[in-house]
Amino acid sequence: MQIQIIPIPAFKDNYIWLVHNGNAGLVIDPGDAQPVISHLKQLGLNLSTILITHHHHDHIGGVSDLLAAYPEAQVFAPKLETFDFIHHAVSEGEHILLPEFELTLEVLDLPGHTLGHVAYLSQSANDSPILFCGDTLFGAGCGRLFEGTPAQMLTSLKKLAALPTETRVYCTHEYTLHNINFALGLEPNNQALLNRHQSTIAQRNQLLPSLPSTIGLELATNPFLRGHSLEIQTSLGLKNASELEVFSITRDMRNHY
Ligand code: ZN
Ligand code: FE
C-alpha cells in the first residue's frame, strides 16, 4: 500500500500534515479544522486519527471541530500536557499501531519548546523513516524555548540527530528560508548551506513547501545541530566553549534575528 503525505497550509506559516491511503486520513497538529475538513472532503477521506505534538493553540485549535465532524477519530497527545478533548496520552517508548496506514509510530519525548512535547517516528520496514517533530526541529532551525531549558532542548535535538540520515522530517512551520539566512551569518562558507539556500529560494518562489527535510540535510546545514562547527564557534567568538554554551547563545541570537 502506498500512503501519501501532503501539507495543508494553515494560518501564516503552519503545515498540518495529512497522511492518507485513499480512504482514511491522519492529521498531525490540526491547529485549524476548516482547511483539514475541506481537504478530506475533496479527497473523499474519512478522518481516523489525530496526532498532537504539544499543547500550543496553533497545533490543537482544530481538534474539537474535527471530532465533531469525525466522531470516530482517535486522538493521541502527550502525557505530560493537559488537553480538553478525549485522547490517548502517550510518552516515550510507546508504539501506536495504525494498520490502515501500515504504520507503527514510536513516541519520542522531546522537552524544550514545551515540557511535554513529543514526536512521532515511523518504523516502516521497507521505507525510510518518517518523523513528525512539531516545533522541535525546523528546516535549518529549532523551536523557541518556551518551557524547557537549553540543556533539555539540546538533548532532544541530539536524539533526533541520531536518527538514520535518510529519515524524512515533517516540521510544523515554514521557517526554513529565514532560518537559512540566519545560519549563513554563522557559517557563510558552509557549501551545503549555500546549496540549500539556493534550492529553498527556488522552492519558495514557486510557492512549494521547503519540507520535508531529512536528518542528513539538517546535520549538514542546521546550526542548532552544528555546535561542533569551528566556523560557527569562531563567528560567535566561542572557541573552546561547551556545546551547550554554543547552543544557548545561538538560540538566543536567533530569538532576536
Ligand atoms: Zn509551538
Ligand atoms: Fe507552532
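How are the donor residues of the iron ion (ligand 2) spaced in sequence? Keep that in mind as you open the viewer, and remember that this is a predicted model.

**Stop 1: the iron ion**

Select the iron ion (ligand 2) and show the side chains of D58, H59, D135 and H173, its protein donors. Click on the atoms: D58 and D135 each offer an OD atom, while H59 and H173 each offer NE2. These donors lie 2.1 to 2.4 Å from the iron ion (ligand 2). Now for the opening question: the spacing reads D-H-x75-D-x37-H.

Next, color H59 and D135. H59 lies in helix α2 (residues 57-60), and D135 is in the loop between β10 (130-134) and β11 (137-138), so this pair ties together parts that are 76 residues apart in sequence. Are these two buried or exposed? Both H59 and D135 are buried.

Try the angle tool too. The 4 donor atoms make angles of 83 to 169°, and the site of the iron ion (ligand 2) is irregular.

**Stop 2: the zinc ion**

Add the zinc ion (ligand 1) to your selection and draw a distance to the iron ion (ligand 2): you should get 3.2 Å. Which residue coordinates both ions? That's D135.

**Stop 3: salt bridges**

Time for some charged side chains. Side chains of opposite charge can pair when their charged atoms come close. Searching the whole structure turns up 8 salt bridges, and we'll visit a few of them.

Start with K12 and D13, whose side chains meet at 3.7 Å, N to O. Turn on a surface and compare the partners: K12 is exposed, at 78% relative accessibility, whereas D13 is buried, at 16%.

Now jump to K79 and E94, where the closest N and O atoms of the salt bridge are 3.4 Å apart. K79 is in the loop between β5 (74-78) and β6 (88-90), and E94 is in the loop between β6 and β7 (95-98), so you're looking at a link between distant parts of the chain, 15 residues apart. K79 is partly exposed at 46% relative accessibility, and E94 is partly exposed as well, at 28%.

Finish with R204 and E174, a salt bridge with its closest N and O atoms 3.8 Å apart. Where does each partner sit? Look for R204 in helix α6 (residues 191-205) and for E174 in the loop between β13 (168-171) and α5 (176-186). This pair also links distant parts of the chain, 30 residues apart. R204 is partly exposed, at 27% relative accessibility, but E174 is buried, at 12%.

Conventions
Residues are numbered from 1 along each chain as its sequence is written. Chains are lettered from A and ligands numbered from 1 in the order in which they are written. This is a predicted model: local features need pLDDT of at least 70, side-chain atom pairs count only at pLDDT 80 or more; totals for chains, interfaces and linings use all residues. Side-chain values use heavy atoms; hydrogens and water are left out. Donors are N, O and S atoms within 2.8 Å of the metal (3.2 Å for Na, K and Ca); water is not among the atoms, so sites may look incomplete. Four donors count as tetrahedral if all angles lie between 85 and 135 degrees; four count as square planar and six as octahedral if opposite donors are over 155 degrees apart and all others between 65 and 115; anything else is irregular. Helices (H or I, at least four residues) and strands (E, at least two) are DSSP runs, numbered from the N terminus. Buried means under 20% relative accessible area, exposed over 50%, partly exposed in between (1.4 Å probe, protein chains only). A salt bridge is a side-chain nitrogen of Lys or Arg within 4 Å of a carboxyl oxygen of Asp or Glu.
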